[in-house]
Every structure is written in C-alpha cells, then in structure tokens.
Amino acid sequence: MSYEEPVPADRGSARTLRERRVIESAAAELNGYLDLSYEIALLGRSCGGEGSGYDPGARLIELCYEDLTEQRELFETAGRRPAGEEAAAVMAETVFHEAGHALADALGLRFDNDRAEEDAADAFAALMLIREGPPGERTLLTAAQAYELAAAHTGPDPGTDEHAPPASRAAAHRCRLHAASPTRYPPAPTALPCPDTWTNALTPLLRQSPQGSA
Ligand SMILES: [Zn+2]
C-alpha cells in the first residue's frame, strides 16, 4: 500500500484519505477475510481524469484523490458540509468494489457481461461493509446516498457506462442493508421490491463460480 504525491489540486483530498486511513482499514478487512494466492497492491494517486480502478495486469487497485474531491463536492452541494467523512466513506466502498474486481480476477470468475461484473463488485463491497456491523452499515448507507445524489445530477440516461445507473446501485445497496438488518434499514420507498433474503440480495455474487478449477 502506498501513496503517490498528489498534484496541488488534490492535496486536501490526499490528506483526508491518509488521515482517515481509508485504504489501510479496508486492506486490513480484506486481509482478514480473503486468502489469495498473490498480493494485490493498493495505491492512492492523482489519476488525471481516469477514475479509481483495478488493473489486472499490474494486480493493482488505484484509488484516485480526485474521486474523493468529487464525492465531497457532491455532498457539500447537497448541503452536507464539511463532507470529509462522507467522502471517505464512499472511498471505502470504492476500495471494496475494486477489491471485488480483483477477487473476480484472482478466482477466474466469468461474467455474462461487464454490467454483471460491476453488480457483483457492488455486492462484494456491500458484503465487506455489512460484515463490519453497524459502522460498516453506515458506510454503505453513505455510499447509497452518494449514488442517489449522483443520480439527481446525471438523470436516467446511463450512457455507455458499464455500471448500473446510480439510482439502481443506490437501491441495490439499500436492499442489501435492509436484508442484513430489516429493523435498522427500511427498504427504500422508491425502489423496486427488495429480494426477501440476504442470499437473494447477494445472488449476483454467489451465482458466479470459478471456471475450470477444482
Ligand atoms: Zn467496477
């Protein structure tokens, strides 16, 4: 795990990411839960336009300082300021989402299409956060709220993005929270009916199986 020197515009976000130990905490959770045959590196950096992502060739998860800036602005524009905590929560969900891609790669999982892999990565992120109990649940709720704020900005047209539309990602996270803890998390009023069970909520992840391996 390492951090590149940020470009000047990203200094504040880089500091927030480091001070809140977002990557370190997520890495500790992942190391405690997964046992992969090789190491996956985590890097905080100024990405210059590229979003956070997993590079299978380099076995590297890149977390972009700019993404934290974008999330902080999203919440602050909506009147929640300062929103360093919210932005850090979304970045934690991002680390686990990218770890989901890394895990899919390590296990040789095959998906019907890119959207299916993105949905599974979201489900994995939710699983990792819900495992942490109430603090992780709150982080996941913040991520769902971020997708709701993004949906208000982007409208319903998904464009060419391989991810589900933000409103769908928000609803899916809220359903996972509801499945994990129905009393603490009511289903989102605008969402499609949630699956009944935790297992169903995680179906996009669980139905995948390694190909050609024992
Ligand atoms: Zn993804």
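**Close-up 1. The largest nonpolar core of the predicted model.** This core has 34 residues. Those with the most contacts inside it are Leu-17, Val-22, Leu-42, Ile-61, Leu-63, Phe-96 and Phe-124. Two or more residues come from each of α1 (11-19), α2 (22-33), β4 (60-64), α3 (65-77), α4 and α5. The most are given by α4, with nine residues. Apart from this core lies another, of five residues, including Leu-109, Phe-111, Ala-116 and Ala-120.

**Close-up 2. Surroundings of Phe-96.** Leaving aside residues up to four places away in sequence, Phe-96 touches Ala-26, Glu-29 and Leu-30. Its other contacts on that basis are Ala-121, Phe-124, Ala-125, Met-128, Leu-129 and Glu-132.

**Close-up 3. Protein donors of the zinc ion.** The zinc ion is bound through NE2 of His-97, NE2 of His-101 and OE of Glu-118, at 2.0 to 2.1 Å. The spacing of these donor residues in sequence is H-x3-H-x16-E. His-97 belongs to helix α4 (residues 84-107) and Glu-118 to helix α5 (residues 114-131), so this pair ties together parts 21 residues apart in sequence. His-97 is buried, with a relative accessible area of 4%. Glu-118 is also buried, at 7%.

**Close-up 4. Arginine residues over tyrosine rings.** Arg-59 lies over the face of Tyr-38, 3.4 Å from the ring centre. Over the face of Tyr-33 lies Arg-131, at 4.0 Å from the ring centre. As for aromatic pairs, a search of the whole structure finds zero.

How values were computed. Residues numbered from 1 in each chain as written. Predicted model: local features only at pLDDT ≥ 70, side-chain atom pairs only at ≥ 80, totals over all residues. Heavy atoms only, no water. Donors = N, O, S within 2.8 Å, 3.2 Å for Na, K, Ca; no water. Helix = DSSP H or I, 4+ residues; strand = E, 2+ residues; numbered from the N terminus. Buried < 20%, exposed > 50% of the residue type's maximum accessible area, 1.4 Å probe, protein only. Phe/Tyr/Trp six-rings, centres within 6.5 Å; stacked < 30°, edge-to-face > 60°. Lys NZ or Arg CZ within 6 Å of the ring centre and 35° of its normal. Core = buried A, V, L, I, M, F, W, Y, C linked by side-chain atoms within 4.5 Å. Contact = heavy atoms within 4.5 Å.
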